[in-house]
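Colleague: I am new to this protein, and I would like to understand how each label attached to it is justified. Could you show it to me, and then take my questions in turn?

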Amino acid sequence: MNALAQVPAEFLHALGTLRKARCRNELRLDEIPAPSRLAPYAVALGAEVMAPSHRPGPASIHGPAAAALSRASGGEEPDDELATGRFILLYDPDGSAVWDGEFRIVTYIRAQLEPEMGNDEMLGSVAWTWLVEALENHRAPYRAAGGTATRVLSESFGTLSDRRESIDIELRASWTPASSDVRSHLEAWSDMVCTFAGLPPLPDGVSALPRRRTHWQ
């Protein structure tokens with residue numbers, strides 16, 4: 001029996017809406033192994049925003065679930081990473097009281113900042129506001145949202161003591177989409193990854209994060 005025939009129609013529909021998502025060219029989006037313990041059905045996508053390149057064409061999705069998700073086109077990739085993230089869609093046909101629904105989106109974004117920006121005490125609340133505004137701007141209805149923002153300080157010692165101190169911002173968030181149509185949710189999250197990377201354009205009144213310096217060893 002075809003493996004897809006055993007997958008619930010509602011989850012297949014959700015996968016189909018992910019395939020239709022249109023993401024920025026700077027964002028590389030690939031399917032990665034999904035967690036097996038969080039829900040009976042899951043799909044996970046990994047994202048990278050690299051330094052600007054001349055790679056043409058819209059970002060797409062590829063991986064083992066090619067029957068449901070499209071395969072990305074080829075092209076040269078730059079070396080400098082500006083931001084990374086993960087987008088995980090969970091589905092439990094029996095529903096979950098904690099999720100308040102059958103679906104749950106779990107996300108993670110990380111980017112390195114300049115020290116003066118990383119020391120801003122309001123950075124965590126600003127990052128959360130960006131997520132809420134991205135969902136609203138893409139008209140992605142949701143409920144039961146929650147998350148944490150963390151600043152990570154990295155210092156080097158000994159033979160690595162010449163490396164500059166760095167500060168990373170991490171945002172972990174999850175929410176329940178209002179339906180199985182999650183295209184707008186992926187597009188909103190994808191814009192968030194680009195925002196963390198400091199790429200314009202951004203919503204009115206929002207400033208880009210300063211891009212990290214590269215090759216500083």
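Modeller: What follows is a conversation about the reasoning behind the labels, and the model under discussion is a predicted one.

Colleague: Before the details, what makes up the protein, and in which order do the elements come?

Modeller: The protein has 4 helices and 6 strands, and read from the N terminus these elements follow the order α-β-β-β-β-α-α-β-β-α. Of its 217 residues, 43% are buried, and the accessible surface amounts to about 11,400 Å², with carbon and sulfur atoms contributing 49% of that area. Among contacts with a separation of 6 or more, 72% are between residues 24 or more positions apart.

Colleague: Why is the pair R28 and D30 called a salt bridge?

Modeller: The rule asks for a side-chain nitrogen of Lys or Arg within 4 Å of a carboxyl oxygen of Asp or Glu. For R28 and D30 the distance from N to O is 2.7 Å, and because the cut-off is 4 Å, the pair qualifies. By this rule the count in the structure comes to 7 salt bridges.

Colleague: How do you know whether R28 and D30 are buried or exposed?

Modeller: Buried means under 20% relative accessible area, exposed means over 50%, and partly exposed covers what lies in between. R28 has 26% relative accessibility, so it counts as partly exposed, whereas D30, with a relative accessible area of 14%, is buried because that value is under 20%.

Colleague: What makes R110 and D168 a salt bridge, and which parts does the pair tie together?

Modeller: The closest N and O atoms of R110 and D168 are 2.6 Å apart, which is within 4 Å, so the pair is a salt bridge. R110 lies in strand β4 (residues 101–113) and D168 in strand β6 (residues 166–177), so the pair ties together parts that are 58 residues apart in sequence. R110 has 24% relative accessibility and therefore counts as partly exposed, while D168, at 8%, counts as buried.

Colleague: Which salt bridge does R110 form with E170, and what follows from where the two residues lie?

Modeller: The side chains of R110 and E170 also meet in a salt bridge, with 2.3 Å from N to O. Because R110 lies in strand β4 and E170 in strand β6, this pair ties together parts that are 60 residues apart in sequence. E170 is at 9% relative accessibility and so counts as buried. Through salt bridges that share partners, R110, D168, E170 and R172 are joined into one network.

Colleague: Why is C23 not in a disulfide?

Modeller: A disulfide needs a pair of cysteine sulfur atoms within 2.5 Å. The cysteine sulfur nearest to that of C23 belongs to C194 and is 8.1 Å away, which is too far for a bond. The structure holds 0 disulfides. C23, at 10% relative accessibility, counts as buried, and C194 is buried as well, with a relative accessible area of 1%.

Colleague: What makes R139 and A144 worth pointing out in the backbone?

Modeller: R139 is not a glycine, although it has a positive phi of about 50°, and A144, again a residue other than glycine, has a phi near 50°. R139 sits in the loop between α3 (123–137) and β5 (142–154), and with a relative accessible area of 73% it is called exposed because that value is over 50%. A144 is found in strand β5, and its relative accessible area of 38% lies between the two limits, so it is partly exposed.

Colleague: Where does D181 lie, and which residues does D181 touch?

Modeller: D181 is in the loop between β6 and α4 (183–196), and its relative accessible area of 40% makes it partly exposed. Leaving aside residues up to four places away in sequence, D181 touches H13 and T17. The C-alpha atoms of D181 and E10 are separated by 9.3 Å, while the two residues are 171 residues apart along the chain.

Colleague: How do you know that the side chain of D181 has a polar contact with R183?

Modeller: The backbone nitrogen of R183 lies 3.4 Å from a polar atom of the D181 side chain, and the cut-off for a polar contact is 3.5 Å, so the pair falls within that limit.

How values were computed. Residues are numbered from 1 along each chain as its sequence is written. This is a predicted model: local features need pLDDT of at least 70, side-chain atom pairs count only at pLDDT 80 or more; totals for chains, interfaces and linings use all residues. Side-chain values use heavy atoms; hydrogens and water are left out. Buried means under 20% relative accessible area, exposed over 50%, partly exposed in between (1.4 Å probe, protein chains only). Contact means heavy atoms within 4.5 Å. Accessible areas come from the Shrake-Rupley method with a 1.4 Å probe; for residues, only the protein chains shown count as cover. A polar contact is a pair of N or O atoms within 3.5 Å; within protein, one must be able to donate a hydrogen and the other to accept it, and residues adjacent in sequence count only if both atoms are side-chain atoms.
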